[in-house]
Amino acid sequence: MNLHNLKIDIDENLKERVYKYAGFGFSNNLLSGQELNYKSVFEAIDLGTEFKRICRDFELDTDVAAGYIKKYTLHLITKDVINLKYPSKKILMKLKGQEIKGQKITDILDEIFFKIPRDLFDQLSYIDGFFTPDQINQKLENEYDWNSNDDESTLTPESREKWENNKKKVGSFYPLYVKYASRKSRLAQSLVKPFNKITDFDKEFLNKQIHFTRFVKALEQAEFDTSQDVWSFEYNTFLFMLQKIGTYKNIDELDKEYFPVVASFLFVGDIRLKLSLIDAFFKNSSWSYFKNKQSELFQISFIIVPFLKEFITNKLMELIPESVIKSKSSLDNDQNEMKIVDLKKKLYIYQTFKNEKCYCGESLASEFGINTKNELTVTEELKVAWKQIEHASGTINMNFNSFFQKFLNHLAEFDSFLDSYNGEELTLTFKSWIEVGIYEATQEYRDTLVKNKNSSNHSETKDMSDLNFKGKSDEELKKLWVYAEDNRQMHQKKLNKIIGYELGKLGIDVNKIKEISKKYNCSITIEPTNVINKTIW
């Protein structure tokens with residue numbers, strides 16, 4: 001599972017409105033007259049007023065937290081621009097001899113992709129004392145029907161399709177490690193054992209530490225950026241998160257109702273910001289303050305990170321020198337020429353950022369005072385945290401994409417306000433619309449946390465103040481919902497008249513449609529292209 005990998009498929013004008021709401025900025029003057037480089041791009045980014053407000057709310061150092069998110073976002077951009085499908089790679093392979101930033105395009109592609117499945121599986125040899133060459137060959141043969149000829153053309157159609165999906169180097173080691181190496185641990189059969197299957201928590205935690213030491217040692221031998229592998233290890237094992245929580249002695253004073261709040265820090269995506277939030281939480285004198293700040297976590301995950309990624313990518317694509325993208329191909333297809341320009345820009349961004357690693361295992365741990373070799377006694381309180389974190393992780397794995405898509409669908413309906421408001425009033429309306437969207441999109445997640453908490457207390461009562469939205473009272477939230485619903489209905493009535501008129505021109509009797517709907521007790525809807533379903537009446 002990768003957070004923040006969804007395409008933001010909404011109107012460009014609406015994206016611009018989100019950028020304005022967040023207050024994103026990019027100082028082009030810092031980059032004028034020089035070749036793009038990581039440092040200058042990093043310094044040119046301004047995360048805006050909303051992120052600064054969130055940092056103040058969580059009592060975080062704004063500059064430090066902004067640095068974390070910028071680093072994480074540039075990592076996501078680097079990962080996105082090399083997410084090339086086979087047809088794109090095939091086009092680039094034809095540009096023989098052409099260079100980007102002093103390196104041939106074909107050599108850049110060799111950096112990004114493994115040539116043959118054997119290269120992928122040879123990574124298992126990085127793990128000291130685990131696999132012999134014969135064992136690696138056997139696993140390779142089982143996975144890809146691979147023979148000793150080292151010829152990709154001998155792959156079966158099924159294996160070839162699988163290979164095209166797995167040949168990218170970035171993020172390739174963690175899945176391989178989980179599938180094969182974790183089973184050879186002397187303490188456990190798997191790297192991530194479900195909470196309800198654990199009988200000895202101290203032993204299981206030690207197992208995570210042993211895996212981590214072996215894992216990062218193997219990564220040191222890789223010749224490509226392994227930041228995504230480190231992220232995947234932490235995201236799935238929660239090792240840093242558990243160890244950071246376990247360092248706080250006041251954890252035994254923490255009421256169980258607060259552990260879902262700590263678990264929700266997973267939503268921000270970035271490891272550094274997540275660990276900083278844990279620090280801020282345990283150092284805060286009023287833990288209850290954090291219960292009313294859940295929406296800020298979702299705002300970081302739904303707005304700050306994904307829209308900043310889109311905003312910066314667009315800025316970078318505009319700044320790439322003309323000399324880089326000027327086509328030298330012999331293709332006479334205009335569509336292919338446009339595709340080549342876009343692909344060259346992506347490779348230019350990759351070339352600009354590729355030497356900056358977002359995460360390195362041991363140095364990341366020491367950055368936050370975590371010694372992954374220290375023994376840690378898993379207390380009853382840490383067990384509760386462990387359980388809640390696993391629960392939150394499972395929910396995110398299964399539902400994050402649908403939560404985010406639900407939020408985008410909500411945003412896309414904002415056009416219903418454009419005829420009714422303007423200027424500052426429209427800006428305030430958009431702010432409220434975003435707030436309602438985040439609340440509604442995450443309702444299922446918050447309900448499961450409340451249900452989980454209440455079931456442990458043997459109570460059926462839902463205290464929604466535990467997971468409130470920006471500290472608003474339930475009464476204020478109801479007003480927001482009513483406000484949003486009134487505007488939806490107003491827009492629907494306008495739309496119904498237009499639809500009725502258009503159907504009438506086609507000789508379709510709308511009243512007959514209503515009769516049929518009433519007869520069969522159903523709603524009849526139309527589905528225009530790129531428009532959310534609209535009810536006819």
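Accessible areas were obtained by the Shrake-Rupley method with a 1.4 Å probe. On this basis the protein, a predicted model, exposes about 26300 Å², of which carbon and sulfur atoms supply 47%. Of its 537 residues, 51% count as buried. The fold comprises 25 helices and 6 strands. Among contacts in the protein with a separation of 6 or more, 74% are between residues 24 or more positions apart.

Helix α11 covers residues 201-219. Its 19 residues should span 27 Å at 1.5 Å a residue, and the C-alpha atoms at its ends are 27 Å apart, so the expected and modelled spans agree. The N-terminal end of α11 is capped by Asp-200, a side-chain oxygen of which lies 3.3 Å from the backbone nitrogen of Asp-202. Buried residues of α11 include the aromatic side chains of Phe-201, Phe-205, Phe-212 and Phe-215. Also buried in this helix are Glu-204, Asn-207, Lys-208, Gln-209, His-211, Val-216, Ala-218 and Leu-219. The cover over these buried positions includes α10 (173-179), α12 (227-237) and α13 (239-246), together with α20 (361-367) and α21 (380-412).

Confidence varies along the chain. The average pLDDT is 82, and 81% of the residues score at least 70. Over residues 456-471, pLDDT stays under 50, and the model has 42 contacts beyond four places in sequence for this segment. Residues 527-537 likewise stay under 50, with 25 contacts beyond four places in sequence. Where pLDDT is low, predicted coordinates should not be read in detail.

Terms used. Residues numbered from 1 in each chain as written. Predicted model: local features only at pLDDT ≥ 70, side-chain atom pairs only at ≥ 80, totals over all residues. Heavy atoms only, no water. Helix = DSSP H or I, 4+ residues; strand = E, 2+ residues; numbered from the N terminus. Expected span 1.5 Å × (residues − 1). Buried < 20%, exposed > 50% of the residue type's maximum accessible area, 1.4 Å probe, protein only. Contact = heavy atoms within 4.5 Å. Polar contact = N/O pair within 3.5 Å; in protein donor to acceptor, adjacent residues only side chain to side chain. pLDDT = per-residue confidence, 0-100.
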